[in-house]
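Let's take a walk through a protein fold together, strand by strand and charge by charge. Keep the picture open while you read.

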Amino acid sequence: MIPMMLFHFAGRDDESYEIPEGIQAIENYAFYGCDKLKSITFPQSLTFVAGVAFEGCNNMEALYGSHTTSDHKGFVSNGSLRYLVPSIDADYVVPDEVTALGDNLFENRQTLRSITMGDQVTAIGNYTFSYAPALKTITLSANLASIGYNPFLRSEALESVYFRGIIPPTRSVIEYTTNPKLTIYVPSQAFRLYTEDTQWEKYWNVMKPYDYTDLPKPDFYLSTDYSKEG
């Protein structure tokens, strides 16, 4: 059965719109140039919003209905945050109901200064923090398991990334940033794990051990001298 998709919205002068029940996907550029649109209500049937579905909707303020975050700023599908309105805080805190960050999520956010996420986040997509010219600080989840392709690409103001996981997350290709101010802070007790993990080799020279005081207790024993079994 072919899913019902929204390809093009004709209400250029509308300030609000309720997407009909039955629509399952919103395709790229479906709302392109709707600069008067301030709010959208999503149906229960919606499962997918393309990365640039709302390109040019520069005055979008709020999202309502199903699959929206508690702050009414984002669209969530199966725990993954797929879209954010332009008017998020400069110091953005990922809502607790979000367990993954989608592709290109913070790309080109001109005023974004910092991003903080809770330990419920386990995955980050491709180019998630890319091309954000004012972004300086990112605090990652202690349970982060995977990072996609080039998440920090061309975010050249980036100074501090706090990796809170005891186990280094797996990654796709990550282009090294030439920003001389960048420091990656990893847990002191896991510093050796990070600096011996070849998938992070390009960043070894900017990694520093950091004594986090609020990490969740791991459900495994982290050996430093290999003297214990189990």
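Before we start pairing things up, here's one rule: two strands count as paired if DSSP finds at least two bridges between them. Keep in mind, too, that what you're looking at is a predicted model.

With that rule in hand, find β6, where alanine 62 is the bridge partner of serine 39. Serine 39 belongs to β4, and there serine 39 also partners serine 16. So what do these contacts add up to? Strand β4 (residues 39-42) and strand β2 (residues 16-18) pair in the parallel sense, over three bridges. β4 and β6 run parallel as well, joined by four bridges. In general, the strands of a sheet pair through backbone hydrogen bonds, and they can do that either parallel or antiparallel.

For an antiparallel example, move along to β7. Four bridges join β7 to strand β8 (residues 80-84), and these two run antiparallel. One contact you can look up is glycine 74, whose bridge partner in β8 is leucine 84. This pair belongs to an open sheet of six strands, in the order β7-β8-β10-β12-β14-β16, with mixed pairing. Which strands sit at the edges of the sheet? They are β7 and β16 (170-171), because each of them pairs on one side only.

Now step into the loop between β6 (62-65) and β7 (74-77), where you'll find aspartate 71. Is aspartate 71 buried, exposed or something in between? Its relative accessible area is 32%, so aspartate 71 counts as partly exposed. Asp71 also has company: together with Asp89, Asp96 and Glu97, it gathers in a patch of negative charge on the surface.

Next up are charges that find an opposite partner. The structure holds six salt bridges, and we'll visit some of them. Aspartate 91 forms one with arginine 113, and the closest N and O atoms are 2.5 Å apart. This pair links distant parts of the chain: aspartate 91 is in strand β9 (residues 91-93), while arginine 113 is in the loop between β10 (100-101) and β11 (114-116), 22 residues apart. Both ends are partly exposed, with a relative accessible area of 38% for aspartate 91 and 44% relative accessibility for arginine 113.

Another salt bridge joins aspartate 119 to arginine 164, again with the closest N and O atoms 2.5 Å apart. Here the partners are 45 residues apart, with aspartate 119 in the loop between β11 and β12 (123-124) and arginine 164 in the loop between β15 (160-162) and β16. Which of the two is buried? Arginine 164 is, because its relative accessible area is 6% and the cut-off for buried is under 20%. Aspartate 119, at 24%, counts as partly exposed. There is a third member here, too: Asp119, Arg164 and Asp214 are linked in a network of salt bridges.

Further along, arginine 192 forms a salt bridge with glutamate 196, with 3.0 Å between the closest N and O atoms. Arginine 192 is partly exposed, at 45% relative accessibility.

Our last stop is asparagine 205, in the loop between α1 (191-195) and β18 (207-210). At 61% relative accessibility, asparagine 205 counts as exposed. To get a sense of scale, look back to asparagine 58: the C-alpha atoms of these two residues are separated by 39 Å, and they lie 147 residues apart along the chain.

Key: Residues are numbered from 1 along each chain as its sequence is written. This is a predicted model: local features need pLDDT of at least 70, side-chain atom pairs count only at pLDDT 80 or more; totals for chains, interfaces and linings use all residues. Side-chain values use heavy atoms; hydrogens and water are left out. Patches are made of residues with over 30% relative accessible area and no salt bridge: like charges are joined within 9 Å, nonpolar side chains (Val, Leu, Ile, Met, Phe, Trp, Tyr) within 5 Å. Accessible areas come from the Shrake-Rupley method with a 1.4 Å probe; for residues, only the protein chains shown count as cover. A salt bridge is a side-chain nitrogen of Lys or Arg within 4 Å of a carboxyl oxygen of Asp or Glu. Lys and Arg count as positive and Asp and Glu as negative; His and the chain ends are not counted. The place of a charge is taken as NZ of Lys, CZ of Arg, CG of Asp or CD of Glu. Buried means under 20% relative accessible area, exposed over 50%, partly exposed in between (1.4 Å probe, protein chains only).
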